[in-house]
Amino acid sequence: MLRIIDDRTGEPVDAAPARRGLTRVEVHASGSETTNLRVLLVGDLLVRTLELGGTPVWALLTGGRRQAELRAHAATLGIRPFEDSPDVGAGLGEAQAVHVTAGGEDIPDGVRIAVAPVEPGRPASGDPAALRLALISRHHSAPVRLETAGLDDARATLARWRGTVARWARQPSRPVPDAVRGRLRDAWEDDLDVPGVLDVLRHVETDPDLADGARFETYAYADRLLGLDLTRDLGAPS
C-alpha cells in the first residue's frame with residue numbers, strides 16, 4: 001500500500017485508503033519552469049505507482065499560465081497527459097484527493113505532496129530521458145541542482161542500462177525474483193522513494209547470483225514506474 005507524507009501534517013497517509021476506490025491526483029503547476037516540470041513529473045510517478053497497485057486514478061493538471069509550454073516539455077520527458085482541471089469541488093466520488101505542488105499553495109481538500117525546487121529554472125537541453133533520470137534521482141522532498149556533470153552521468157547510465165537490457169533480453173527469460181520485487185515495491189510505496197528503486201536496479205545489475213533473464217524482467221518491470229524507456233534498444237545490433 002502506497003503511503004505518502006502529507007506536507008500539511010508531516011504524517012504518513014495512505015494514498016488510496018479505499019480498496020479499488022478512485023484517487024484524484026491533481027497537479028498544481030503555474031508555469032513552465034523546471035520546478036513546475038518536476039512537480040508534474042512527481043504527479044506522473046504518483047499516478048504510475050497507484051496504477052501498479054491496481055488503484056483507478058483521475059489525473060488532473062491545474063495552473064493557469066503557460067500550460068501549453070509545460071505540456072510540451074512534459075511530453076518530451078515521457079510524462080503522460082493530464083486532463084485539464086475542471087471545477088472539481090464535488091469530485092467524482094473519489095476516496096482520496098492528492099495534490100502535488102511546489103509548496104505554498106492553498107489547497108482546500110485532500111493531502112499534499114510538496115516538491116522541492118530545481119535550479120536552474122529553465123529546462124535543460126539535450127536528451128530528455130537523461131533529464132528525467134536526473135530529476136528522479138533525488139527524492140521529491142530534496143532540491144535538485146541540474147549541472148553538466150550530473151546530466152552527463154544520467155546520460156551515461158541510461159546508455160549503459162539500455163545496452164545491457166538489450167543484451168540480457170537475448171537470454172532465456174526468468175521471473176523477477178520475489179525478494180527483488182518486494183524491495184522495489186517497498187521503495188516506491190514508501191513516499192515515492194524513486195532513488196531507492198534506482199538503488200535496487202544498481203544492485204540487480206551486478207548481483208552475480210541473478211540470471212540475465214531475471215535482470216531483464218526486473219528492469220522492464222521497474223520501468224513501468226520509471227518511464228525511462230529502458231527496453232528501447234531491444235533488437236538493435238550489438
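Two helices count as roughly perpendicular when the angle between their axes lies from 65 to 115 degrees, and that definition is worth having in hand before you open this predicted model.

Begin by selecting α1, residues 34–52, together with α3, residues 128–136. These two helices pack at an angle of about 80°, with their axes 11 Å apart, and α1 and α3 are therefore roughly perpendicular to each other. Now show the side chains where the helices touch: on α1 you will find Thr34, Leu37, Arg38, Leu41, Asp44, Leu45 and Arg48, which meet Leu131, Arg132, Leu135 and Ile136 of α3. If you colour the residues of this contact by class, they divide into six nonpolar, one polar and four charged.

Keep α1 on screen and add helix α2, which covers residues 67–76. Here the axes lie 10 Å apart and the packing angle is about 60°, which makes α1 oblique to α2. The crossing of this pair is right-handed, and the contact is made by Asn36, Leu37 and Leu40 from α1 with Leu70, His73 and Ala74 from α2. Among the residues of this contact, four are nonpolar, two are polar and none is charged. Leu37 deserves a pause, since this residue of α1 takes part in the contact with α2 and also in the contact with α3.

Next, look for empty space inside the model. How many cavities of 30 Å³ or more does a search of the whole structure find? The search finds one, and about 80 Å³ of space lies in this largest cavity. To see its lining, select Arg38, Leu41, Val42, Leu45, Leu135, Ile136, Arg138, His139, His140, Leu192, Val194 and Pro195. The elements that give two or more residues to this lining are α1, α3 and α6, the last of which spans residues 194–206, and the largest share, four residues, comes from α1. By class, the lining has eight nonpolar, two polar and two charged residues. Several lining residues, including Arg38, Leu41, Leu45, Leu135 and Ile136, will be familiar from the first stop, where they belong to the contact of α1 with α3.

For the last stop, hide what you have selected and show helix α4, residues 148–168, with helix α7, residues 212–226. Their axes come within 8 Å and cross at roughly 130°; this angle is over 115 degrees but not over 145, and α4 and α7 are therefore oblique to each other. The crossing of α4 and α7 is left-handed, whereas that of α1 and α2 is right-handed. Zoom in on the contact, where Trp161, Val165 and Trp168 of α4 meet Asp212, Gly213, Arg215, Phe216 and Tyr219 of α7. The residues of this contact divide into five nonpolar, one polar and two charged.

Notes
Residues numbered from 1 in each chain as written. Predicted model: local features only at pLDDT ≥ 70, side-chain atom pairs only at ≥ 80, totals over all residues. Heavy atoms only, no water. 1 Å grid on protein atoms, 1.4 Å probe; cavity = no way out; pocket = protein on both sides within 12 Å on 5 of 7 lines; lining within 4 Å. Points joined across faces, edges and corners; volume = space filled by probe spheres on them. Nonpolar A, V, L, I, M, F, W, Y, C, P; charged D, E, K, R; others polar. Axes fitted to C-alpha atoms, helices over the stretch in contact; angles between N-to-C directions. Parallel < 35°, antiparallel > 145°, perpendicular 65-115°, else oblique. Left-handed = near helix turned anticlockwise from the far one by under 90°. Contact = heavy atoms within 4.5 Å.
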